[in-house]
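Please read these points with the structure open beside you, finding each residue in turn before moving on to the next paragraph.

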Amino acid sequence: MDIMDKVQAVADRYDELSELLADPEVLADSQRYQELSKEEGEIRETVEKYREYRKVVDSIAENEELQREKLDPEMDSLVKAELADLRDQKEKLEEEIKVLMLPKDPNDDKNIIMEIHGAAGGDEASLFAADLYNMYTRYAESQGWKVQIVDENATDVGGFKEIVLMISGDKVYSKLKYENGAHRVQRVPVTESAGRVHTSTATVGVMPEAEDVDIEIDPKDIRTDVYRSSGAGGQHINKTSSAVRMTHLPTGIVVAMQDERSQQQNREKAMRILKARVYDYYQSQEEDAYNEERKNAVGTGDRSERIRTYNFPQNRVTDHRIGLTLNKLDRVMNGELNEIIEALILDDQAKKMEALRNE
C-alpha cells in the first residue's frame with residue numbers, strides 16, 4: 001500500500017471519530033469518550049497536514065491544466081513560477097507526512113522517572129553522577145520542564161551513589177528516552193595527585209511515569225513496611241515511623257522512601273516510583289516484537305550498554321550509537337543537549353522510515 005493510501009485511511013478514520021464523538025451514546029460513556037478523543041488527538045496533525053497536501057496537489061493539477069491552454073508570455077511565466085513553488089511545497093509536505101506516519105511510541109508524551117547511579121569508579125563515579133544530574137537539570141530548565149528530586153543517596157565527596165528524579169512537562173520521554181544506558185567519563189579526578197586520566201561510569205535509567213490506565217497494581221501484590229527514617233532531621237526522625245518500603249511481590253521490585261516528613265507523603269512518592277518500575281519491567285518483558293523493536297531503535301536501551309563517552313581533557317563527547325562526536329563537552333555538561341538529542345531522534349526516524357518502506 002502506498003504511503004498516501006495509508007494516510008487516506010487515517011483521514012477516513014478521523015472523520016469517523018469526529019462523528020462518534022458527537023454521538024450521544026459515546027458522550028454518555030466518559031471512558032469511551034476519553035479513549036476516542038485521545039485517538040483523534042493523536043492523528044489530528046497528520047490529517048491536517050494531509051488536507052494541506054491535497055489542496056496543493058489540486059492546485060498543481062489546475063496550473064498544469066492552465067499550461068495546456070495558449071497563454072500570453074507574462075501569464076505563462078506566472079503559472080510556471082507558481083507550479084515550481086507548489087511542487088516544492090508538495091515535496092516538503094510529503095516528507096512531513098512520512099515522519100508523522102512513523103509508528104509512535106505510546107510513552108512519548110509522558111513524564112519520566114530518571115535514576116542516575118554512580119557505577120564503576122568509586123568517588124569519581126559518584127561525582128560524575130552529580131555532574132549528569134546537573135546536566136539534565138539545566139537541559140530540563142531550557143525545555144521549560146519541572147525537575148523534582150524524589151530520592152537521593154549522597155556521598156561524602158559531594159556526589160551521588162544514586163539520585164532519583166521526576167521530570168515533568170511537554171513530551172519529556174520523547175527526548176530523554178535515549179539517555180538510557182552507561183555513560184563513561186574520562187578525566188583527572190580531583191583526588192588524583194599524579195594527574196593521570198581515569199575512566200569511570202555512571203548509569204542512567206529513564207522510565208515513563210506510569211498512569212493508572214497503563215498499569216493496575218493489585219494492592220494484595222504490595223507488601224508495605226514502615227520504619228524510622230535515618231539521617232539528619234533532629235528529634236522528629238527518632239519519634240515517627242515515617243519511612244516506607246514497598247515490595248511488589250510478583251516481580252520482587254523494592255522501593256524505599258524516607259525523603260518526606262510524613263508517612264503518607266512517602267507512601268505516595270514510593271507508589272509513583274513503584275508503578276514506573278513495574279510498568280518498565282513488564283514492558284521490557286514483552287515478547288520478541290518488543291525486543292526486536294528495541295534493537296532497531298537507537299541501541300537497546302539497556303542500562304549496561306555504553307552509549308556515550310565524555311572526555312574532559314579533550315573537551316569531547318561521543319555518542320557511540322550514531323558515531324556522533326562534538327568538541328564542546330563544556331557546553332553539553334551545561335545542559336546544551338539539543339544537538340545530540342535531535343541527531344538521535346533523526347537516526348531513530350530514519351530506521352523507522354526504512355522499516356515502513358520494507359513493509
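1. V197 makes a convenient starting point in this predicted model, as its place is in the loop between strand 4 (181-187) and strand 5 (198-208). At 47% relative accessibility V197 counts as partly exposed, and, leaving aside its neighbours within four places in sequence, V197 is in contact with Q186, R187, V188 and P313. One of these partners, P313, is 116 residues from V197 in sequence, although the two C-alpha atoms are 8.2 Å apart in space.

2. Turning to charged pairs, a search of the whole structure finds 27 salt bridges. Side chains of opposite charge can pair when their charged atoms come close. One such pair is R44 and E40, whose side chains meet at 3.3 Å, N to O; because they are four residues apart in helix 3 (residues 30-68), about one helical turn separates them. R44 is partly exposed at 34% relative accessibility, whereas E40, at 13%, counts as buried.

3. R277 forms a salt bridge with E115, with the closest N and O atoms 2.5 Å apart. Since R277 lies in helix 8 (residues 263-285) and E115 in strand 1 (residues 112-118), this pair ties together parts that are 162 residues apart in sequence. R277 counts as buried at 18% relative accessibility, and E115 is buried as well, at 3%.

4. Elsewhere, E179, R308, D319 and R321 are linked in a network of salt bridges.

5. On the surface, E82, D85, D88 and E91 gather in a patch of negative charge. E82 is found in helix 4 (residues 73-100) and is partly exposed, with a relative accessible area of 41%.

Terms used
Residues numbered from 1 in each chain as written. Predicted model: local features only at pLDDT ≥ 70, side-chain atom pairs only at ≥ 80, totals over all residues. Heavy atoms only, no water. Patch = residues over 30% accessible without salt bridge, like charges linked within 9 Å, V, L, I, M, F, W, Y side chains within 5 Å. Areas by Shrake-Rupley, 256 points an atom, 1.4 Å probe, with all protein chains shown as cover. Salt bridge = Lys/Arg side-chain N within 4 Å of Asp/Glu carboxyl O. Lys, Arg positive; Asp, Glu negative; His and termini not counted. Charge placed at Lys NZ, Arg CZ, Asp CG, Glu CD. Helix = DSSP H or I, 4+ residues; strand = E, 2+ residues; numbered from the N terminus. Buried < 20%, exposed > 50% of the residue type's maximum accessible area, 1.4 Å probe, protein only. Contact = heavy atoms within 4.5 Å.
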